[in-house]
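Me: I'm new to this structure and don't know where to start. Please pick one part and take me through it slowly.

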Amino acid sequence: MHKNFKGIEKTVYGRGSFSQLGDILAPKRTENNQYFVFIVDQYFKGKDLENRVPAEAKDLVYFIDVDVHEPTTEQIDTLRDEILAKQGLPSGVVGIGGGSVMDIAKALSLMLTNEGSSTLYQGLNLVKVPGVYHVGVPTISGTGAEVSMTAVLTGPVKKLGLKCEWTVFNQVVLDPELIATVPTDWWFYTGMDTYIHCIESENGHFNNAYSHAYAEQAMKLCRDIYLGENAGQTPENDDKLMVASLMGGLSLTYSEVGVCHALSYGLSKILGTRHCYANCLIMNHLEDYYPEGVAEFKQMVKRFNVTLPQGLAKEWDDETITKMAHVSYNLPHMWLHAIGENWQEVITIDVLKDLFKRL
Ligand code: NAD
Ligand code: ZN
């Protein structure tokens, strides 16, 4: 079976394009109860961008602190119930922030029209009806959440996305000016998420000419940004990073992620380590699987004097490491891609535990 992916319907790209958001939303304001919900990263509270959010009198604006925890099912359900009780069904939802805020906007859009708790819809194609119109405005680039068909939520039982065609944004606004203030460590970790998406998408059985074309270009951009003559957090590189993030996301959509992401999910699920940072911690030790990619990754780490802690596993008991290994093992699509049909002969719980012990 080949992937038949619904992409973003409309994309505007360019410096200052955020100013077009009001005009973009205007024709949609006649839908449902004729108002918009804006979900904005708390970081922008009191900043210049707050005054540029094109909210009208009836609109609801929520500032969300994503550092307290990653998006949860409970958070989405509560927000949805509150919004519907206050003003009924909105014309649409706009998410202005990083992967966390974009996932909240995507999930909220779906949950406004689907009954019951969002825990019922964690998985592939469980959502019953389309959500409301939704727009993504990334303010930190790398995860590819702006283009993916999933909204990752942590629930009482599982950390899993609401994954279906309707999750994909109707519109994205890619304005590189918005990522200028990202702290350097996050700029590095999230950018490396893009780079790792490409390395993993390229090195596996599902790679094909289509996913390769995106990965090749995204990797070229990453090399300019993190290793080139003018490497660093500059406006020119921010222009490139926004595009690299999108293309890295498209590459893995048509191929798959691999060893690093499979292990990273184990680490995040059991210890709550943030996605992009977890990937960096793990990539540092994957030379057996991605020798060239890891060598280049290490050059980038060195170039920006990033310290990736070593010896973490010494603090973990066997039970913790075994739990991580089981989470990773239960991602067969990633192993099938990275290793092949016989992956179960190569990847065992013990192999995974040994990999975690390298951290
Ligand atoms: P994030 O949204 O969690 O934000 C990281 C930090 O950067 C926060 O402190 C935030 O306030 C800050 N920030 C955001 N924009 C800023 C700006 N312009 N200036 C200064 N600070 C800014 O970061 P992320 O790494 O993009 O997202 C991680 C989340 O994405 C996780 O919840 C993960 O589960 C999810 N994720 C989703 C997908 C997907 O396809 N849907 C893929 C990977 C990860
Ligand atoms: Zn990733």
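Reply: Helices here are DSSP runs of H or I with at least four residues, strands are E runs of at least two, and both are numbered from the N terminus. This is a predicted model, where local features need pLDDT of at least 70, side-chain atom pairs count only at pLDDT 80 or more, and totals for chains, interfaces and linings use all residues. Residues are numbered from 1 along each chain as written, chains are lettered from A and ligands numbered from 1 in the order written, and side-chain values use heavy atoms, with hydrogens and water left out.

Let's look at helix 5 and what it meets. Helix 5 covers residues 184-202, and the loop between strand 9 (171-174) and helix 5 holds T181. T181 is partly exposed, because its relative accessibility is 44% (buried is under 20%, exposed over 50%, partly exposed in between, with a 1.4 Å probe and protein chains only). T181 also sits 8.8 Å from I140, C-alpha to C-alpha, although 41 residues separate them in sequence.

Now into the helix itself. D193 belongs to helix 5, and it helps hold the zinc ion (ligand 2): two OD contacts come from D193, plus NE2 of H197, H261 and H275, at 2.1 to 2.7 Å. Donors are N, O and S atoms within 2.8 Å of the metal (3.2 Å for Na, K and Ca), and since water isn't among the atoms, a site may look incomplete. Along the chain the zinc donors are spaced D-x3-H-x63-H-x13-H. That brings distant parts together: D193 is in helix 5 and H261 in helix 8 (residues 259-271), 68 residues apart. D193 and H261 are both buried.

Helix 5 has an aromatic side to it, too. Rings of Phe, Tyr and Trp (its six-membered ring) pair if their centres lie within 6.5 Å; planes under 30 degrees apart are stacked, over 60 edge-to-face, and the rest tilted. By that rule there are 15 aromatic pairs. In one of them, W187 and F304 are edge-to-face because their ring centres are 5.1 Å apart and their planes meet at 80°. W187 is in helix 5, while F304 is 117 residues away in the loop between helix 10 (291-303) and helix 11 (318-329). W187 is buried, at 3% relative accessibility, whereas F304 is partly exposed at 23%. Both belong to one aromatic cluster with W186, F188, Y189, Y226 and Y277.

For a local contrast, try helix 6 (residues 209-227): Y210 and Y214 are 4 residues apart there, so about one helical turn separates them.
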